[in-house]
Amino acid sequence: MFALACSRGAAFESDRSIAQFAHTTWGAKEGAPRVIIRLAQSADGYLWLSSHDGLYRFDGVVFERYEPQSGGPFPGRIATSLLALPNGDLWIGFRPRGVSLLRNGKVTNYTTYDGASGGEVWSLAQDREGTMWAATSSGLMRLEGDRWKVVGKDWSFPGKLARTIFLNRQGTLWVSTEDTLVFLPPGARKFQRTGIEVGQVTQIAQAASKKLWMAETTRSVRPIPLSDKLQPSDETEIRVGSQGILFDNDGALWVATLGDGLRRSRAPELLRGQIKEFDTAVESFTAEDGLTDDVARSILQDREGNIWVGTDNGLNRFRKTNLVPVVGLALNPFYSFLAAGDGGDALVARQDLMVRIHRGRADRGHRIPGKIMSAYRDPSGAIWWLCPDAIYRYDSGNYTRVALPASFPKVYSEGGIVATEDGSGALWLTAEGQGLFFRTTRGWERPESPPECAKLNPSTAYTDWMGRAWFGYTDGTIILLKDGNIQRVFPADDSPVGQVHAVNGRGRHTWVGGESGLAFFDGNRFQRIVPSDAEAFGLIMRVEEAIDGSLWLAESRGAIQIPASEVRHALENPSYRVTYRMFDSYDGLSGAFGSYPSMIHGTDGRLWLGTTRGVFWIDPANISTNALPPSVLIRSASANGKQIGSLANLVLPPRTTALQIGYTALSLAVPEKVRFRYRLEGVDGDWQDAGIRREAFYTRLGPGRYHFQVIACNNDGVWNNKGAHLDFEVAPSWFQTIWFRTLCVVASFGLLWSLFQMRLRRVRHEFNVSLEARVSERTRIARDLHDTLLQSFNALLLRFQAASDLLSARPDEAKRVLDSTIDQAGQALIEGRDAVQQLRSTTPVTNDLVCAIGSLGQALAADGSNRDAPAFHIEVEGTPRDLLPVTRDEVYQIACEALRNAFRHARARRLEVEIRYDTRQLRLRIRDDGRGIDPQLLNADGPSGHYGLRGMRERARLLGGQLTIWSEVNSGTEIDLSIPSSAAYTKPAVARFWPTARRR
């Protein structure tokens, strides 16, 4: 049975008509040249087209007018002949003269200087020895070395011109002259005459039977009469003028005519006699059928089996598809019902008309007694047509009327109605608004069922391997019946697929399809079948399991095939995601599936599919696959919007911010389904899935060397993993060069060294500052000791000396001096303690400098040891302000040193202190009219071992102030201290417009 099905599928395949090929056209709107003279396919897969507009190449998507990359321009504009060789070479003949060899983008031109004749080149060929031959309007030429030589009498060539050359499979070279045919056997050096009179022969071809045919523009397409007894006979003749003929891979003869479109004979060896213009012995396909023009000049079959036809108005492609349309249907396929007939036939019914499809051809149709609402084929092969008024059983050409259940209206039109026969032979029927029925010898009976079942709208029915009847409903409910009773009800809320549109199976498998995908019934529950690329299949209208175990779905996107191996994996592992193959418009399926049974399994194993656009069949056992991986090429590149000429040794300019790489894959069968992946090493971590996009974009590439690689797969997922690559370099800018980077590194090290030296100097400076601070602190302690304890001890010594002098003469007075001295010693202890306290804190008890200096002056004036104490007074100018603690302490110590010296050593009569609070500075003046200071001592900062004057200067310098001491012998002394306001006051000064004075 399976072998029979395969043989029938192969027969149907070879019996395909032109109308059953997928026909695609390209015109000027799509970029195709108008008048296409010749076609050729080079070894890389490009389709080459010569036209009045020049030479073009086509990758299936883009037409590109071709100019050589190197070697100069072509010698002519119109290419009149093309020859593609297996090594990738493309030979081109021109009008009015010249031959060119295109190899790897470089052209080599042969003109009259290279021996090429001045005539138009009509045909090119290469013999088995590798020698090139050219048929021109001025004779036959042969390439010897680098020069073309005319073939004449020395070769016994009789013609003045040569119209075409052909090398047959036996290695014989055939040439047509102006009026006859000659041939050159392999290894021979003399042409032999045939004696055959011919017209303008433009092409010679060889059939699978080895029979030679010729195409004449002035007469017909016919076998070359060689009396070789090969079929067809030499008298066979297709009376059309032609410039191009082709025997395809199936042996069919294609004829491109000059005004009558295409002609095709599926079995040319069976042709007999003269076949005139409108003879049905050969097929016809003209502009009325969709051909771009009736003047067809060239024809070619590419390496993937596609037939290409060039006309005066564009390009045509004829391609075999797995889904084959049925032509000549006598009814509108929209809302038609399919049923499997005997012998592999299919029955298509709409309204009251039924068409039988036999061997892929539809008959004229037959009337049915009623209008079809549904169809069912029972196990015996009988077809049950469910109509509004009755059910008509069709068997062996006869109809038997079966009445509907009595509860049905006279004409039923409420909704869906479906039927199936269970294992016992009972026919089950359900209809919307009527409920369930089964038919026995007693007639129709109703099983016990919930009343709500009658309200459901049925969509499908099926009988499984156990003889159980299944009914699916549009709300999602599924009912399973056995032995006349409802065995199980699957409620709508538990539906695995939402609305149920299909229940079907084979053997022990039961499948359910609906609005939200596919499910499998494992005997107890439903298991969802999930695709690998989504969470669920789309809307499924029909499910069929083929003989080979593959699963076919009529889905919203097209027909889906899940291979048998994937089905097994899904049943073994419920979490498995199945891979599948989609068949859509590119595979020959046009239109959309309807809500009626849109796919059935024929009795010969083929599947029949009905859509809104027609009826199609496919043989699951003979699915053709494009096994040829596409050639992948880098087409172009542009940097910063500027097109790059040559891609060899490509170096991009510095600061290339935008790079665009164009690539293509040469699969001409379904270029719309060619997919790409690419990566740029060093930039892309993994392959980038570009889909069908044929360009890659990169921005902000840094300088360096790059390797770009692109791979592609054809329409059936066959990958060319080698792909194509482009090596290029981005030149660096001056600041990206090695020397600049080296300079930057050196500069960086220099900067680091400078920073290190700066840090080293800073550490040294901080150490010196710290050391100086320690020395300064020791100096300050010395000053404090000098100004407090030493001064006090010195005063005590003087008082003890005075008491000693008075003790013998005036003991009472000496006692008083001693008592005062004891009090002064206590005060010295207090001053010592205060000095130690000041070493720990700079915060004074009071901030009133005037009060402190005044108190000190009064204390020194009242000292009993100073009998000739000067008159002391203090004067204040400006408004007293709060001083910084350090400033107050240091100024006070300077004043203390000055006042003590004045009281003890100056022998002055008057001592004045002036404190002035200015906005810009604090000023302290101390004047006396005493005996002054020796200038030598003043310049030396006092006598050796005394630190009073030196301490005063140091304190002033630490405050940032200026200390001036003026003194002359017997003329008094004046000490002037000025300190900037920023170092003196705690708050900014408030400007005053007149000074104020205060005296104490």
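**Exercise 1. Contacts of Ile853**

Task: In this predicted model, list which residues Ile853 touches, leaving out those up to four places away in sequence, and place Ile853 in its core.

Solution:
1. With residues up to four places away set aside, Ile853 touches Phe872, Ile874, Tyr892, Ala895, Leu899, Val913, Ile915 and Leu924.
2. The largest nonpolar core has 38 residues, and those touching the most other members are Ile853, Leu899, Val913, Ile915, Tyr917, Leu924 and Ile926.
3. Two or more residues of this core come from each of H5, E69, helix H6 (885-906), E70, strand E71 (921-928), helix H8 (948-958), strand E72 (962-968) and strand E73 (972-980).
4. H6 gives the largest share, nine residues.
5. A second core, separate from this one, has 27 residues, among them Val632, Ile644, Leu650 and Tyr663.

**Exercise 2. Helix H5**

Task: Compare the expected span of helix H5 (residues 849-861) with the distance between its end C-alpha atoms, then state which of its residues are buried.

Solution:
1. H5 has 13 residues, and at 1.5 Å a residue the helix should span 18 Å.
2. The end C-alpha atoms of H5 are 18 Å apart, in agreement with that value.
3. The buried residues in H5 are Leu849, Val850, Ala852, Ile853, Gly854, Leu856, Gly857 and Leu860.
4. An α-helix has 3.6 residues a turn, so residues three or four places apart point the same way.
5. Where H5 starts, the backbone nitrogen of Val850 has a side-chain oxygen of Asp848 within 3.3 Å.

**Exercise 3. Salt bridges**

Task: For the pair Arg916 and Glu877, give the distance between the closest N and O atoms, and explain why the pair ties together separate parts of the sequence.

Solution:
1. The closest N and O atoms of the salt bridge between Arg916 and Glu877 are 1.9 Å apart.
2. Arg916 belongs to strand E70 (residues 910-917) and Glu877 to strand E69 (residues 871-877), so the bridge ties together parts 39 residues apart in sequence.
3. Arg916 is partly exposed, at 25% relative accessibility, while Glu877 is buried, at 16%.

Task: Describe the salt bridge between Arg189 and Glu129 in the same terms.

Solution:
1. The two side chains meet at 3.6 Å, N to O.
2. Arg189 is in the loop between strand E16 (180-184) and strand E17 (192-197), and Glu129 in the loop between strand E10 (121-126) and strand E11 (132-136), so this pair ties together parts 60 residues apart in sequence.
3. Arg189 has 40% relative accessibility and counts as partly exposed.

Task: Are Arg606 and Asp604 buried or exposed?

Solution:
1. Their side chains form a salt bridge at 2.8 Å, N to O.
2. Both residues are buried.
3. The structure holds 44 salt bridges; a network of them links Arg910, Glu912, Glu914 and Arg927.

**Exercise 4. Surroundings of Thr236**

Task: Where does Thr236 lie, and which residues is Thr236 in contact with beyond four places in sequence?

Solution:
1. Thr236 sits in the loop between strand E20 (221-223) and strand E21 (237-238).
2. Its relative accessible area is 1%, so Thr236 is buried, the cut-off being under 20%.
3. A polar atom of the Thr236 side chain lies 3.0 Å from the backbone oxygen of Ser233.
4. Beyond its neighbours within four places, Thr236 is in contact with Trp213, Arg222, Pro223, Leu271, Arg272 and Gly273.

Definitions and conventions
Residues are numbered from 1 along each chain as its sequence is written. This is a predicted model: local features need pLDDT of at least 70, side-chain atom pairs count only at pLDDT 80 or more; totals for chains, interfaces and linings use all residues. Side-chain values use heavy atoms; hydrogens and water are left out. A salt bridge is a side-chain nitrogen of Lys or Arg within 4 Å of a carboxyl oxygen of Asp or Glu. Helices (H or I, at least four residues) and strands (E, at least two) are DSSP runs, numbered from the N terminus. Buried means under 20% relative accessible area, exposed over 50%, partly exposed in between (1.4 Å probe, protein chains only). A polar contact is a pair of N or O atoms within 3.5 Å; within protein, one must be able to donate a hydrogen and the other to accept it, and residues adjacent in sequence count only if both atoms are side-chain atoms. Contact means heavy atoms within 4.5 Å. The expected span of a helix is 1.5 Å times one less than its number of residues. A nonpolar core is a set of buried Ala, Val, Leu, Ile, Met, Phe, Trp, Tyr and Cys residues joined through side-chain atoms within 4.5 Å.
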